[in-house]
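Biologist: Could we go through this chain together, taking one element at a time?
Modeller: Gladly; here is the model.

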Amino acid sequence: MISIFIVTYASKILIAMTSYRFLQLLLVSIVILAFSCSPKSEETATMLIYGGTIYTVDDSNPIVEAVAVKDSIILFAGTLEEAEKYKTKETELIDLEGKTMTPGLIEGHGHFMGLGYNELNLDLLGTKSYQDIIDAVAERVKSAEPGEWITGRGWHQSKWDSLPNDMVNGFQTHHRLSEVSPNNPVYLRHASGHAGFANEKAMEIAGLISLSKDGIKSYKVEGGEVIVDAAGRPTGVFNEPAAMNLITKHIPERTEASDRMAFELAVNACHENGITSFHDAGIPRETIELYTKMKAENKLDVRIYAMLTGWDKELLNEWYDKGLMIDKDHRFTIRSIKLNCDGALGSRGAWLLEPYSDRPGHFGHETLPMEFVRETALKGLEHGFQVCSHAIGDRANREILDRYELAFNKIPEKAKNHRFRIEHAQHLHPEDIPRFAELNVIPAMQAIHMSSDRPWAIDRLGEKRIKEGAYMWQTLLQSGVPIVNGTDVPVEPINPIASFYASVSRKTLKGTPEEGYEPEQKMTREQALKSYTLDAAYGAFEEDIKGSITKGKLADFTIYNQDLMTVPESEILNTTIAKTIFNGKVVYSNE
């Protein structure tokens with residue numbers, strides 16, 4: 001009996017010890033499993049931002065106290081108390097000190113290399129008269145070699161404070177420019193990019209001056225025009241690319257060194273203006289090669305969403321065969337095509353349904369055959385490419401919507417998420433406004449154009465067309481389509497604050513008129529911010545990776561010196577960029 005008791009008691013002790021050991025092992029396993037299921041990358045932040053108002057553009061969490069970042073990805077957005085759980089002694093701390101932060105701003109339509117070259121060449125955006133242009137060229141002549149081309153961009157005769165006496169079809173003539181630069185060919189692009197102004201030396205090189213004896217018939221150009229005087233002599237103004245090419249084909253090609261310099265200047269300009277992504281509206285193969293090199297050299301510190309230029313059919317066919325290029329690093333993506341279908345309003349090249357109010361009988365220009373738009377829309381759908389068509393005039397917008405609709409109807413299975421765009425969509429016939437929502441076509445509209453163009457646009461279109469169909473932001477938004485905002489740089493300066501101000505005030509940058517032009521079309525501040533962030537990301541199929549401060553998205557942020565969402569309207573233009581954060585790193589600071 002005693003032996004049985006001892007054995008039984010010993011067995012119970014052994015079982016108890018075994019159970020305790022089992023529980024210990026089980027507990028250790030659970031702890032190890034828990035840690036293995038929680039990757040270290042989710043536990044610690046490389047950057048913690050706090051201390052100011054943070055607008056997320058995320059409806060589920062619109063304003064937060066802090067944001068935690070792990071390398072290039074947002075880990076957390078919420079309260080500071082919760083965010084601090086991600087902090088370690090290695091975490092970079094950024095105290096906003098009362099400043100405001102939003103998602104990184106997206107330039108929804110611009111020309112990246114044009115931005116850079118505007119820094120290198122004569123920048124004429126600030127000129128207020130013909131005399132200003134003459135003075136700028138005369139100054140550049142002093143340092144130029146004889147025969148060296150002088151180029152620049154940015155003049156706009158409709159924005160000058162005064163006009164010269166000798167105007168032809170609303171443009172100045174070359175004679176005074178030629179006087180200050182007799183030995184250097186000069187070519188100055190209009191701010192819109194749809195006209196150019198050449199001096200006599202440039203026209204002599206192009207072989208145009210000697211043709212003047214043949215009169216006006218010598219200057220007919222399909223898709224454009226050479227402005228001539230009463231005697232048929234060229235005035236120096238060339239309207240639309242078809243005519244501009246008569247001069248530009250003689251300008252020496254850019255070099256790799258100048259391209260690299262312009263590229264770096266453009267990157268810096270973006271950072272200084274809080275721009276972290278850029279929709280590049282129409283690039284040729286040479287620029288594709290440049291961006292590829294810059295990315296390989298880790299110099300592409302702006303996310304570029306590039307549109308293939310529609311001027312090069314061979315390039316388009318190559319990419320149809322090659323397919324989309326969606327960059328896993330989110331630096332350089334190609335999945336869209338840019339078509340230039342009409343001109344600009346300032347140069348009277350926008351294609352209108354009715355003639356210009358200030359040039360009877362003139363309707364503007366169809367700069368690309370509409371048959372090619374239809375063909376490209378079909379091929380774009382077939383191969384998965386988004387089509388983005390430049391259209392400013394009401395006829396151009398209607399014709400493009402018609403061609404898009406034909407393509408959508410022909411292959412509807414390919415048109416379920418096409419996100420085709422119309423770039424600018426400035427002047428619409430009232431009957432065509434609802435068609436954007438019906439066809440799911442995105443208007444990419446640069447609000448700053450209203451601010452700078454509206455004072456003289458009424459001369460081109462008349463009051464009725466302006467009020468019924470010009471810059472129809474709120475009507476389009478209420479119809480259910482997003483608007484992609486931007487500046488069309490270098491047509492306008494890249495400054496997003498000016499475009500934001502124009503969006504919400506519909507005033508000139510001088511603050512006029514008091515109530516704004518057609519005030520019922522103003523955006524709210526929330527709409528304006530979204531047009532520069534989440535809606536712009538949507539316009540590039542990128543709303544899942546950028547455009548809002550949301551866990552899992554890219555860590556791109558813009559920090560401002562003041563709260564542009566609440567300051568009085570009159571103070572918005574005093575807003576400056578305090579910091580730009582790109583890919584989880586501070587790339588610009590003015591402090």
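**A pocket and three helices**

Modeller: In the second largest pocket, H14 and helix H16 (496-505) each supply at least two residues of the lining. This is a predicted model, in which local features need pLDDT of at least 70 and side-chain atom pairs count only at pLDDT 80 or more, while totals for chains, interfaces and linings use all residues. Residues are numbered from 1 along each chain as its sequence is written, and side-chain values use heavy atoms, with hydrogens and water left out.

Biologist: Which helix gives the most to the lining of the second largest pocket?

Modeller: A pocket here is an open set of points on a 1 Å grid over the protein atoms alone, where a 1.4 Å probe fits, with protein on both sides within 12 Å along at least five of seven lines, and lining residues have an atom within 4 Å of a point. The second largest pocket has 27 lining residues, with Lys128, Lys159, Ser452, Glu492 and Leu509 nearest its centre. Five residues of the lining come from the helix that gives the most, H14.

Biologist: Asp453 is in helix H14 (residues 447-469); how far away is the nearest side chain of opposite charge?

Modeller: Asp453 is buried (under 20% relative accessible area, with a 1.4 Å probe and protein chains only), and Lys159 is among the residues that Asp453 touches, contact meaning heavy atoms within 4.5 Å. Asp453 nevertheless has no salt bridge, a term that requires a side-chain nitrogen of Lys or Arg within 4 Å of a carboxyl oxygen of Asp or Glu. The nearest side chain of opposite charge, where Lys and Arg count as positive and Asp and Glu as negative, is that of Lys159, at 4.0 Å.

Biologist: What distance separates the end C-alpha atoms of helix H11?

Modeller: Helices are DSSP runs of H or I with at least four residues, numbered from the N terminus, and the expected span is 1.5 Å times one less than the number of residues. Helix H11 (residues 370-383) has 14 residues and should therefore span 20 Å, which agrees with the distance between its end C-alpha atoms, 20 Å.

Biologist: Which residue with a positive phi comes just after H8?

Modeller: Helix H8 covers residues 256-272, and its end C-alpha atoms are 24 Å apart, in agreement with the expected span. Its buried residues include Phe263, Val267 and His271, and what covers the buried residues includes helix H3 (112-120) and helix H9 (285-296). Just after H8, a positive phi of about 75 degrees is taken by Gly274.

Terms used: Buried means under 20% relative accessible area, exposed over 50%, partly exposed in between (1.4 Å probe, protein chains only). Lists of a residue's contacts leave out its neighbours within four places in sequence.
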